[in-house]
Amino acid sequence: MESRRDYLKKIGLGALALNLAPIYAYENESVIPTKANSHKIFLNANENPYGPSPLSREAMMESISNSNRYGWSQKPKLIEAIAAYNKVAKENIMLGSGSTEILNLVLHYAAQQKGNIVTADNTFNFWMSPAKNLGLEKVSVPLTADKKNDLGALKKAVTSDTRLVYVCNPNNPTGTITDSNQLLNFVREVSKNRLVLLDEAYIDLTDQKSLSTLASENENLIIAKTFSKLFGLAGARIGYAVAHPKTIKKLSGLQSWSNGDVSVVSTAGALAALQDVNFIKDTFELNASARAYTIAQFEKLNIKCIPSHTNFIYFSLENYKGQFFERLKANNIVGTRIYEKEGKWSRITVGRLEDMKTLVRALS
């Protein structure tokens, strides 16, 4: 269970170390840079604005010429590198085309028996539609007043029909983090007789330790992780699961080609990303600085913010006097939507500092 800071220390760098908009507003707008939209600032998808890293770019460019081959030898190398990063064995790792593929595989695994999924409301839910189609009923548990996962309420919601308990930590879209000791106790208790899926997509942007080593020895705990955030490879679509070897084997049995959905180019990029410690350090620090600036400026504009542990900010437009979404559009800024009507809660990605300064000027 190693934090990002512990990892950097291990490799010798520790010391360096509104009005209500439509519910779909801006959510589906393309984020692929083109001549037509290059003037836009994309603050909607929690992408890393600094990546891919220099080493990743170089490795991916070199690998393009090998894309006619399947890359049999590269996948084991990546699995070993990911295992080392998470302090687990290679048998504890399974690759996926983004962590969303891991989430979908876990859904199919859980849906082998009819029942329900216990999850927070509000949380990452793009994968709930296939859950319903697979026959898994969603049981939503409200967050606490300060927008955190309510572990006690989640535990109480578990019944004999529960097949899966999903926890996103840090939580998306609220950016809140669950106390590590409380989460550890919760997982140990609930996973005694239920499958727990812990989504750690944003854990590398915090100093909190992952529960990876616990997952390596617990057959009922699966952790989903990704290269999309800290490592800047969202478009490369590469994620992975950390779980007990027996659980990995069961999940792999649901794939037509185990570990085969990650391209040669993405594999090369991920391998290099794990080695680019300067990029890891810079991303972490630049994100923290731009996030702190934005929250401070938002508060001056009467935009209440929830303390964030991610690369995005959750905020209330209840007391903001301007036309928030109209101002974004007028200034070529792509935001998200209203997630909670009560309080007019929305989310914005933390971009480069200059992007956030442009955002603040647009709202002032």
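Me: Before we look at K281, what counts as a salt bridge here?
Reply: Picture a side-chain nitrogen of Lys or Arg on one side and a carboxyl oxygen of Asp or Glu on the other. Side chains of opposite charge can pair when their charged atoms come close. For the pair to count as a salt bridge, the nitrogen has to be within 4 Å of the oxygen.

Me: Okay, and which residue forms a salt bridge with K281?
Reply: Keep in mind that this is a predicted model. The closest N and O atoms of the pair are 3.3 Å apart, and a salt bridge needs them within 4 Å. The partner of K281 is E285.

Me: How many residues apart are K281 and E285 in their helix?
Reply: Both sit in helix α11, which covers residues 277–300. They are separated by about one helical turn, because they are 4 residues apart.

Me: Is K281 buried or exposed?
Reply: Buried means under 20% relative accessible area. K281 comes in at 13%, while its partner E285 has 32% and is partly exposed. So K281 counts as buried.

Me: Which residues are joined into one network by salt bridges?
Reply: Here the salt bridges share partners, and that is what links the residues up. The network is made of E200, D204 and K225.

Me: How many salt bridges are there in the whole structure?
Reply: One of them is between the side chains of E189 and K192, at 3.2 Å from N to O. E189 is partly exposed at 35%, whereas K192 is exposed at 59%. A search of the whole structure gives a total of 7.

Me: How far apart in sequence are the parts that E219 and K246 tie together?
Reply: The side chains of these two meet in a salt bridge, 3.9 Å from N to O. E219 lies in the loop between α8 and β7 (221–226), and K246 in helix α9 (residues 245–252). E219 counts as partly exposed, at 34% relative accessibility. The pair therefore ties together parts whose separation in sequence is 27 residues.

Me: What is the accessible area of the nonpolar patch formed by Y70, W72 and W257?
Reply: Y70 is placed in the loop between α2 (54–63) and α3 (74–86). With 55% relative accessibility, Y70 counts as exposed. Together with W72 and W257, Y70 forms a nonpolar patch on the surface, and their accessible area adds up to about 410 Å².

Me: Which elements give two or more residues to the lining of the second largest pocket?
Reply: This pocket holds about 180 Å³ of space. Its lining includes Y109 and A110, along with T162 and R163. The elements asked for are α4 (99–110) and β5 (162–168).

Me: How many charged residues are in the lining of that second largest pocket?
Reply: Among the lining residues are R163 and R194, and Arg counts as charged. The lining also has 3 nonpolar and 5 polar residues. The number of charged ones is 2.

Me: And what volume does the second largest cavity have?
Reply: Its lining includes N48, P49, Y50 and K229. By class, that lining has 4 nonpolar, 4 polar and 1 charged residues. The cavity has a volume of about 50 Å³.

Me: Last one: what distance separates the C-alpha atoms of S210 and N169?
Reply: S210 sits in the loop between β6 (195–199) and α8 (212–217), and at 3% relative accessibility S210 counts as buried. Along the chain, S210 and N169 are 41 residues apart. Their C-alpha atoms are separated by 9.6 Å.

Technical notes: Residues are numbered from 1 along each chain as its sequence is written. This is a predicted model: local features need pLDDT of at least 70, side-chain atom pairs count only at pLDDT 80 or more; totals for chains, interfaces and linings use all residues. Side-chain values use heavy atoms; hydrogens and water are left out. On a 1 Å grid over the protein atoms alone, a cavity is a set of points where a 1.4 Å probe fits but cannot get out, and a pocket is an open set with protein on both sides within 12 Å along at least five of seven lines; lining residues have an atom within 4 Å of a point. Grid points are joined across faces, edges and corners, and a volume is the space filled by probe spheres set on the points. Patches are made of residues with over 30% relative accessible area and no salt bridge: like charges are joined within 9 Å, nonpolar side chains (Val, Leu, Ile, Met, Phe, Trp, Tyr) within 5 Å. Accessible areas come from the Shrake-Rupley method with a 1.4 Å probe; for residues, only the protein chains shown count as cover. Buried means under 20% relative accessible area, exposed over 50%, partly exposed in between (1.4 Å probe, protein chains only).
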